[in-house]
Amino acid sequence: MFNYQNYFKNIIQGIKSEGRYRVFIDILRKSRNFPNASWFEEGKSVPEDITVWCSNDYLGMGQHRKVLDAMKEALEKCGAGSGGTRNISGTTHYHVELEKELALLHAKEAALLFTSGYISNEATLSTLASSLKGCIVFSDELNHSSMIQGIRSSGATKVIFKHNDIDDLNYKIKKYDKNIPKIIAFESVYSMDGDIAPIKGISSIAKENNALTYLDEVHAVGMYGYQGGGISEELNIKNEIDIIEGTLAKAYGVMGGYITGSKYLVDTIRSYSSGFIFTTSLPPTIVAGGLASVKYLKKSGEERKKHKHIVNFLKRKLLEEDIPIIDNPSHIVPVQIGDPVLCKRASDLLLSKYKLYVQPINYPTVPKGTERLRITPTPLHTEDMVNNLVESLKKVWKNLNIGNIAA
Ligand SMILES: *Cc1c(COP(=O)(O)O)cnc(C)c1O
């Protein structure tokens, strides 16, 4: 008889033997002490103080006074849950306000909220590509899993183009008749290498071939552009992109995803997308927090400025010490290791000995052989903290004999 337990045990043993078994680090973030946290090490009764260096709460907005106050107020005013799907009593006034704010941010006619950025990609691309009959989706080879899943479930033909390669995209898209509906799906800031797409080039190819552009700005909203509208705002090309997608869970520090686009396109997703329709809407507390964060970062450029400074400071220090980073123009600092076991050991040592938390990034998040420590400094990390991190990395490199840096 088929042995289910053995079957799953073998799967896990396989992952473990490749050295990429995932261990979640059990922490509690400290609200008035960002980016510090308590670490609950397994088997220990007392938690330890650590510094977090791998959070996607890029600007510390998840603990910002304005955000917390808005959430508390919403909790007291409206209670815990939203009480329904968007269609059946779950559209609170906060949802309406936030959608207006997001449409304005990206200079689009309409916006639609989802329970996460993942769902917004998955649900939108699957509905969009299946409702455009015979459509072909051109997808960057390094697109996020949520986009890949959405395209897959649409059943549309998918053409993968080489990462950030406009010549390859141009070559591939030219083979198809102009009358066939097309979508080009890509990201602005790629989260693992921190490189940035040639958005202008992609957008002109889209225009020449009458294709829709779908841009994931998850790692850029709140962070780039004078109001936090992302790379498309920084480059002043919001209008050239048909659909801009983002999250409220990274730089905005809360939770939820969204798309923005033209009135009828967004209305089509609202009317047909299963991942939007058949799920309870985000709770009012979360939406109020997201709204406060978006509004705040629209006005304040202080966090973005401080953030750029500390990111550049860290990159410079790492280069000075010959610690290999993937060079990029963004706020993401990927330290290359290239081996899953070594990567995990480096991370373990950083945490246990130096109380610094940087999660190892391994397959399937990045290709095998490109394992790395992905460091994300925030405006609340100080120069002293950076110096301490770099010193600790140097010791770990030496201890584990990673690369051959000058001691
Ligand atoms: C994190 C991420 C998402 C998903 O957003 P969530 O709000 O976390 O679900 C989508 N796209 C990219 C590129 C991401 O890195």
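This report walks through some helix packing, ring pairs and backbone oddities in the structure above. Keep in mind that you are looking at a predicted model.

**Two helices side by side**

Start with helix α3 (residues 93–105) and helix α11 (residues 284–299), which pack at an angle of about 30° with their axes 9 Å apart. That angle makes α3 roughly parallel to α11, because angles under 35 degrees count as roughly parallel. The crossing of α3 past α11 is left-handed.

Who is touching whom? On the α3 side you'll find Tyr94, His95, Glu97, Leu98, Glu101, Leu102, Leu104 and Leu105, and they meet Pro284, Val287, Ala288, Gly290, Leu291, Val294, Lys295 and Lys298 of α11. Sort the residues of this contact by type and you get 10 nonpolar, 2 polar and 4 charged.

**A helix with buried residues**

Now hop over to helix α7, which covers residues 199–208. Its buried residues are Ile199, Gly201, Ile202, Ser203, Ile205 and Ala206. What do they pack against? Their partners are two helices, α6 (166–173) and α8 (231–234), plus two strands, β7 (182–187) and β8 (212–216). Just past the end of α7, Asn210 has a positive phi of about 55°.

**Rings that meet**

A pair of aromatic rings is described by the distance of the centres and the angle of the planes. There are 5 aromatic pairs in this structure. In one of them, Tyr7 and Phe8 sit edge-to-face, 5.6 Å centre to centre with 80° between the planes. Tyr7 counts as partly exposed at 44% relative accessibility, and Phe8 is partly exposed too, at 46%. Both belong to a cluster in which ring pairs link Phe2, Tyr4, Tyr7 and Phe8.

Phe138 and Tyr176 make another pair: their ring centres are 5.8 Å apart and their planes are at 75°, so this one is edge-to-face. Here the partners come from distant parts of the chain, 38 residues apart, with Phe138 in strand β5 (residues 136–140) and Tyr176 in the loop between α6 and β7. Phe138 is buried, with a relative accessible area of 0%, whereas Tyr176 is partly exposed at 29%.

**A glutamate tucked away**

Is Glu303 buried or exposed? With 12% relative accessibility, Glu303 counts as buried, because the cut-off for buried is under 20%. You can find Glu303 in helix α12 (residues 302–320). Its C-alpha atom is 6.3 Å from that of Leu59, although the two residues are 244 apart along the chain. Setting aside neighbours within four places in sequence, Glu303 touches Leu59, His64, Tyr296, Leu297 and Pro379.

**Backbone oddities**

Two cis peptide bonds are worth a look, and both lead into a proline. Here they are together:

| Cis bond | Omega | Where the proline lies |
|---|---|---|
| Phe34 and Pro35 | about 0° | Pro35: loop between β1 (27–29) and β2 (36–39) |
| Tyr363 and Pro364 | about 5° | Pro364: loop between β13 (360–361) and β14 (372–375) |

Positive phi angles turn up in loops as well. Ala107, which is not a glycine, has a phi near 55°. Ala107 lies in the loop between α3 and β4 (110–114), and at 41% relative accessibility Ala107 counts as partly exposed. Asp322 also has a positive phi, near 60°. Its home is the loop between α12 and β11 (333–336), and at 52% relative accessibility Asp322 counts as exposed.

Technical notes. Residues numbered from 1 in each chain as written. Predicted model: local features only at pLDDT ≥ 70, side-chain atom pairs only at ≥ 80, totals over all residues. Heavy atoms only, no water. Buried < 20%, exposed > 50% of the residue type's maximum accessible area, 1.4 Å probe, protein only. Helix = DSSP H or I, 4+ residues; strand = E, 2+ residues; numbered from the N terminus. Contact = heavy atoms within 4.5 Å. Axes fitted to C-alpha atoms, helices over the stretch in contact; angles between N-to-C directions. Parallel < 35°, antiparallel > 145°, perpendicular 65-115°, else oblique. Left-handed = near helix turned anticlockwise from the far one by under 90°. Nonpolar A, V, L, I, M, F, W, Y, C, P; charged D, E, K, R; others polar. Phe/Tyr/Trp six-rings, centres within 6.5 Å; stacked < 30°, edge-to-face > 60°.
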